[in-house]
Structures are given as C-alpha cells and as structure tokens.
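Please open the structure in your viewer and keep the sequence panel beside it, since this tour moves from the whole chain to single residues. At each stop you will be told what to select and what to look for there.

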Amino acid sequence: LGVIADVQFADAEDGSDFSGCRRRFYRHSLRLLREAVRAWAAESPPVDFVLQLGDSIDGLNARRGEAEGALRQVLEALGRLAVPVHHAWGNHELYNFSRARLARSGLCSRPAGGSAGPPDGQCQAYHCSLAAGLRLVVLDSYDLSPLGRDPDCPRYQEALRLLREKNPNEDLNSPAGLQEPQFVQFNGGFSKAQLDWFNEVLKFADENQEKVVVMGHVPIHPGASDGIALAWNYQAALSVIHSHQCVVCVLAGHLHEGAYCLDCHGVHHLTLEGVIETSPGSSAFGTIYVYEDKMILKGRGRIADRVMHF
C-alpha cells in the first residue's frame with residue numbers, strides 16, 4: 001500500500017500556515033507527489049493500492065479560482081499508476097468544492113452502485129477487500145460538518161448547531177478556551193448513520209476473520225493527535241472499533257507533523273506527516289507491506305519506518 005497525506009497543492013509561491021509559524025511549499029508539493037508516484041511505480045513487487053489521506057489540494061485554490069485545474073494536476077499525477085487509489089476527503093477539498101461536486105469528481109473512489117457505503121450518496125465512506133483476509137474501510141471525517149454543504153441542508157444545520165454549542169468563539173476555527181478543543185470548524189465528525197454502518201462492516205469482518213485497515217482524514221485517537229486535530233466525536237468511532245476484534249490500524253492525515261500511538265486495545269493509530277510542509281530536498285510518503293501478523297511501513301523523508309504487529 002502506498003500512503004501519502006496532505007499534498008495541498010496550489011500553483012502559488014511558498015507561504016505559511018494560519019498561525020504564521022510553519023512553512024508551506026504549495027508548488028513543490030506536486031513535485032513531491034510525482035516523486036512518490038515514480039517510487040511506487042518502481043517498487044518490486046509493485047504496490048497494489050495507494051491510500052491518499054486527504055487534503056490533496058489547498059484551500060488557497062478556491063480564492064484564486066484555480067480549484068479545478070489544481071485537482072486535475074493532482075489526479076493526473078496519481079493516474080500514472082496502474083493501480084486503484086483510495087481517497088479520503090479533507091477540509092481543504094471541502095473549502096474548494098461542494099460535497100455534490102466531490103461525489104462527481106475523481107476524488108470519489110467509493111465503488112459504483114453505493115452498496116459498499118452508507119445510504120447517503122454524498123458520504124465518502126465505503127469498504128472493500130484489498131486481499132484475502134484484508135479489508136479497507138474508508139471513513140468520511142466530515143460527514144458531520146458544515147463544510148461543503150448547502151446552508152439549507154439539515155446536516156449543515158445540525159453540524160453548525162453542535163459546533164456553536166461546543167465552541168462559543170467568534171472564530172469557529174479557534175480552540176481558545178475550549179474544554180473539548182477538537183470542536184473547531186476545520187475538524188468534523190461522523191453521523192450516527194455512518195457509525196451504524198461502520199459497526200455493521202466490522203461485524204462482517206469479525207465473522208469472516210478478516211483484518212481491517214481504517215483510513216480517514218482526521219485522527220480518531222488523542223494519542224495520534226495534538227489534541228486539536230481530532231474528530232469531533234472520536235470517542236464514538238473508537239467505541240465502534242473497540243467493540244470488535246478485526247481493526248489492526250487506523251491511518252489519518254490532517255496533523256502535518258504526524259503522530260503515532262498503540263491504543264489499549266492493540267490498535268495502531270498512524271497519522272502521516274504532510275507533504276505540504278515538506279521542504280525541497282526531502283519527501284513525505286511511504287509504502288506499507290502487509291503480512292499475516294504485522295504491517296511494516298517503509299517511509300521516505302519525513303516518514304519514519306515502523307513495524308506494527310497485530
């Protein structure tokens with residue numbers, strides 16, 4: 001499995017994050033993505049799938065009117081691989097596009113027909129078999145979020161009401177003073193419908209003695225987060241995972257400095273470092289080799305090697 005997170009490409013000069021403290025290499029990020037694609041193509045044996053963990057283009061594109069062109073370049077780079085690419089949707093995709101537009105784009109990797117995901121056709125959550133005994137579950141971390149939704153939509157109103165209950169700040173992206181600092185607008189959460197569906201998928205995997213890899217944009221364990229870049233209702237997602245035996249690893253992006261923890265139920269939570277904050281001369285991607293009793297991550301550049309035993 002090739003893995004990469006937070007490319008956040010924009011055809012723009014280097015800038016900084018919202019705090020002004022961390023450098024962002026907007027234009028160079030596409031070069032690093034292409035480097036990753038070349039490396040995966042040269043693997044022997046070749047990679048079977050690529051997991052793109054969200055924020056493929058930067059919100060800067062929306063302000064510049066360049067979202068479609070930026071997305072096209074990212075998808076063209078990934079399209080040079082003759083293997084399936086599974087996409088998570090991040091906040092930056094939703095800064096650029098509505099959910100309806102994303103559902104019709106190349107970032108919608110949910111299988112046709114909708115039978116593999118929740119009933120909501122605009123929810124980027126699905127599952128599929130990667131190999132005998134190995135299942136992938138893609139979660140939609142912004143299923144419960146105002147981002148990308150019509151303000152008249154009930155889900156938008158539900159998400160905004162929850163956000164305002166938890167975050168009284170004028171700037172909803174500010175965690176200042178919050179008891180639950182994950183309740184900021186650049187994070188999101190999981191609807192009850194998605195969590196119910198997730199529970200049924202894991203029940204199926206348990207019954208069929210499968211191992212499950214879960215991926216989504218936003219971390220769902222505080223130990224794989226900075227306490228802010230964390231799904232709103234992460235406890236509910238963890239409760240579903242911990243009520244089953246099948247999940248071995250949860251992959252996320254969103255937190256550009258990356259993080260890792262092994263939780264008390266033996267589940268590995270790996271948050272990948274972001275390409276967008278990777279300087280020229282380095283890189284930020286990896287390849288995961290899956291065995292019957294472990295996963296081995298071989299990282300490049302900022303991504304460290306890691307062995308994750310089941």
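## The whole chain

Begin with everything selected, and note that buried residues make up 57% of the 310 residues in the protein chain. Keep in mind throughout that this is a predicted model. If you switch to a cartoon display, you can trace eight helices and 14 strands along the protein chain, and the C-alpha trace spans about 50 × 40 × 35 Å along its principal axes. A compact globule of 310 residues would have a radius of gyration near 19 Å, and the value for this chain is 18 Å, which agrees. Of the contacts with a separation of 6 or more, 63% are between residues 24 or more positions apart.

Next, show the surface: the chain exposes about 12,800 Å², and carbon and sulfur atoms supply 49% of that area. Colouring by charge will bring up 29 positive and 37 negative side chains, and the centres of these two sets lie 3 Å apart.

## Helix H8

Now select residues 234–242, which form helix H8. Its buried residues are Tyr234, Ala237, Leu238, Val240, Ile241 and His242, and to see what they pack against, add helix H7 (192–207), strand E9 (247–252) and strand E11 (268–271) to the selection.

## Histidine 221

From H8, step back along the chain to histidine 221, in the loop between strand E8 (211–215) and H8. Is histidine 221 buried or exposed? Its relative accessible area is 18%, and because buried means under 20%, histidine 221 counts as buried. Show its side chain, and you will find that one of the polar atoms there lies 2.9 Å from the backbone nitrogen of glycine 223. Leaving aside neighbours within four places in sequence, histidine 221 is in contact with Leu230, Leu238, Cys261, Asp263 and His269; Leu238, among these partners, is also one of the buried residues of H8.

## Lysine 298

For the last stop, select strand E13, residues 294–301, and pick out lysine 298 within the strand. With a relative accessibility of 44%, lysine 298 counts as partly exposed, because that class lies between the 20% and 50% limits. Which residues does lysine 298 contact, once its neighbours within four places in sequence are left aside? They are Phe285, Gly286, Thr287, Tyr289 and Asp305. To finish, draw a distance from the C-alpha atom of lysine 298 to that of proline 175, which is 123 residues away along the chain, and the viewer should show a separation of 34 Å.

Key
Residues numbered from 1 in each chain as written. Predicted model: local features only at pLDDT ≥ 70, side-chain atom pairs only at ≥ 80, totals over all residues. Heavy atoms only, no water. Helix = DSSP H or I, 4+ residues; strand = E, 2+ residues; numbered from the N terminus. Rg over C-alpha atoms; globule rule 2.2 N^0.38 Å. Buried < 20%, exposed > 50% of the residue type's maximum accessible area, 1.4 Å probe, protein only. Contact = heavy atoms within 4.5 Å. Areas by Shrake-Rupley, 256 points an atom, 1.4 Å probe, with all protein chains shown as cover. Lys, Arg positive; Asp, Glu negative; His and termini not counted. Charge placed at Lys NZ, Arg CZ, Asp CG, Glu CD. Polar contact = N/O pair within 3.5 Å; in protein donor to acceptor, adjacent residues only side chain to side chain.
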